[in-house]
Amino acid sequence: MKKLSIFGLLILLAMSLIACSQSSSKASNSKNNGKEQMVLKLAENQPEDYPTTLGAKEFARLVKEKTDGRIKIKVYAGGQLGDEKSVIEQVQLGTIDLARVNATPLTEFSDSIGVLSMPFLFRSEEHKWKVFNGDIGQELLNSLKSSNMIGLAYYDSGARSFYNSQHPVKKPEDLKGLKIRVQQSEMAIDMVEALGASATPMAFEEVYSGIQTGVIDGAENNIPSYFTTGHYEVAKYYTINKHSSVPEIVIASSKLWDKLSDKDQQLIQEAAKESVKLQRKEWKKLVEASLKKIKANGNEMIKIDDTSAWREAVQSVYDKYGDQFGDMIEKIENVK
């Protein structure tokens with residue numbers, strides 16, 4: 001009897017396991033019946049409350065909404081998934097699905113996108129966004145396809161301008177003799193030297209002490225960076241000449257893209273472009289808040305309304321890079 005009892009229990013246990021397996025299979029099939037959830041990783045190197053991060057979160061919200069929750073995007077802020085260079089490489093490999101990166105490092109993968117680094121390329125904010133949102137902007141995004149990346153949208157990164165510790169700079173000649181920190185970029189060096197200053201490549205984290213100790217006289221960056229880095233404390237004069245307006249770009253991995261249906265590709269593209277509105281709004285708020293605190297510190301903000309003299313001063317840069325970017329520059333200039 002005991003042996004039969006144990007045998008009976010084993011049969012009941014086996015039947016129970018089969019039933020659970022069937023139930024699980026049904027639940028799985030029900031979940032996969034057109035409603036299988038896809039969770040994507042998006043890399044962002046700025047803090048949780050930064051405009052680009054808020055834009056990425058809005059992008060994620062819109063994707064979830066447009067796909068009825070089938071596709072979710074998890075935003076990893078603060079550089080959790082690596083620095084920009086490694087993130088771009090991971091997007092190419094498909095180990096990261098999406099990212100928000102600056103356009104500058106993408107010039108390594110697209111010859112044409114480098115045109116966005118040209119000084120005084122845009123006549124105004126309106127002109128810049130007409131370019132980004134038009135056929136030229138899309139052409140530049142499409143140029144990333146050959147490097148296994150899909151360009152989805154442009155985010156605002158403001159405009160870079162000069163600041164220094166010595167005196168107000170109101171015209172190009174006022175830069176003469178000043179030691180200005182620049183990024184390790186041949187074009188940036190050419191631009192600063194064309195304007196009469198001494199270009200000094202230096203690591204970004206060394207700029208504050210460099211200005212403080214007189215190793216350099218100043219640098220160039222957008223207004224929020226001028227404030228958040230504390231550079232406004234050691235460089236009193238900020239010249240708003242907006243010589244460079246390199247944008248941020250939201251990119252996707254081609255490996256991800258090839259898995260998506262045409263409809264989902266369209267929905268994700270729409271969501272990325274729609275998220276730009278909130279991102280630009282948040283960027284504007286950050287600029288205004290930074291300006292308020294900078295002015296309260298007593299810094300002198302010199303606004304340049306007419307940049308024609310500055311543009312003429314960097315003609316040698318256009319001559320040097322004309323063969324590489326000439327056609328694209330002409331297209332951008334012709335946008336009305």
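In which sense do strand 3 and strand 10 pair, and over how many bridges? They pair in the antiparallel sense, over 5 bridges, where two strands are taken to pair if DSSP finds at least two bridges between them, and where helices (H or I, at least four residues) and strands (E, at least two) are DSSP runs numbered from the N terminus.

Before going on, I should say that this is a predicted model, in which local features need pLDDT of at least 70 and side-chain atom pairs count only at pLDDT 80 or more, while totals for chains, interfaces and linings use all residues. Residues are numbered from 1 along each chain as its sequence is written, and side-chain values use heavy atoms, with hydrogens and water left out.

Let me begin with the sheet. It is an open sheet of 5 strands in the order 2-1-3-10-4, with mixed pairing; the edge strands, each pairing on one side only, are strand 2 (71–76) and strand 4, and the twist from one strand to the next averages 25°, with axes being lines fitted to C-alpha atoms, for helices over the stretch in contact, and angles running from 0 to 180 degrees between N-to-C directions. Helix 11 packs on this sheet, where it touches strand 2 and strand 4, and its direction makes about 25° with that of strand 4; contact here means heavy atoms within 4.5 Å.

As for the pairing itself, strand 1 (residues 38–43) and strand 2 run parallel and are joined by 6 bridges, with leucine 40 standing opposite isoleucine 73 in strand 2. Strand 10 pairs with strand 4 in the antiparallel sense over 6 bridges, and glycine 151 stands opposite isoleucine 251 in strand 10. Towards strand 3, the bridge partner of valine 101 in strand 10 is isoleucine 249.

Why is strand 10 described as largely enclosed by the rest of the structure? Because 6 of the 6 residues of strand 10 (residues 248–253) are buried, buried meaning under 20% relative accessible area, exposed over 50%, and partly exposed in between, with a 1.4 Å probe and protein chains only. In a regular strand the side chains alternate between the two faces of the sheet. In strand 10 both faces are covered, with Glu248, Val250 and Ala252 buried on one side and Ile249, Ile251 and Ser253 buried on the other.

Turning to the helices, glutamate 282 is found in helix 11 and, at 19% relative accessibility, counts as buried. Its C-alpha atom is separated by 5.1 Å from that of proline 51, although the two are 231 residues apart along the chain, and, leaving aside neighbours within four places in sequence, glutamate 282 is in contact with Pro51 and Leu54. Helix 5 (residues 125–132) has as its buried residues His127, Lys128, Trp129, Val131 and Phe132, and these pack against helix 6 (135–142), strand 4 (149–155), helix 11 (262–296) and helix 13 (315–333).

My last topic is the space left inside. A search of the whole structure finds 1 cavity of 30 Å³ or more, a cavity being a set of points, on a 1 Å grid over the protein atoms alone, where a 1.4 Å probe fits but cannot get out, with lining residues having an atom within 4 Å of a point. About 40 Å³ of space lies in the largest cavity, a volume being the space filled by probe spheres set on the points, which are joined across faces, edges and corners. The largest share of its lining, 3 residues, comes from strand 3, and the lining includes Asp83, Glu84 and Arg100.

Key
1 Å grid on protein atoms, 1.4 Å probe; cavity = no way out; pocket = protein on both sides within 12 Å on 5 of 7 lines; lining within 4 Å.
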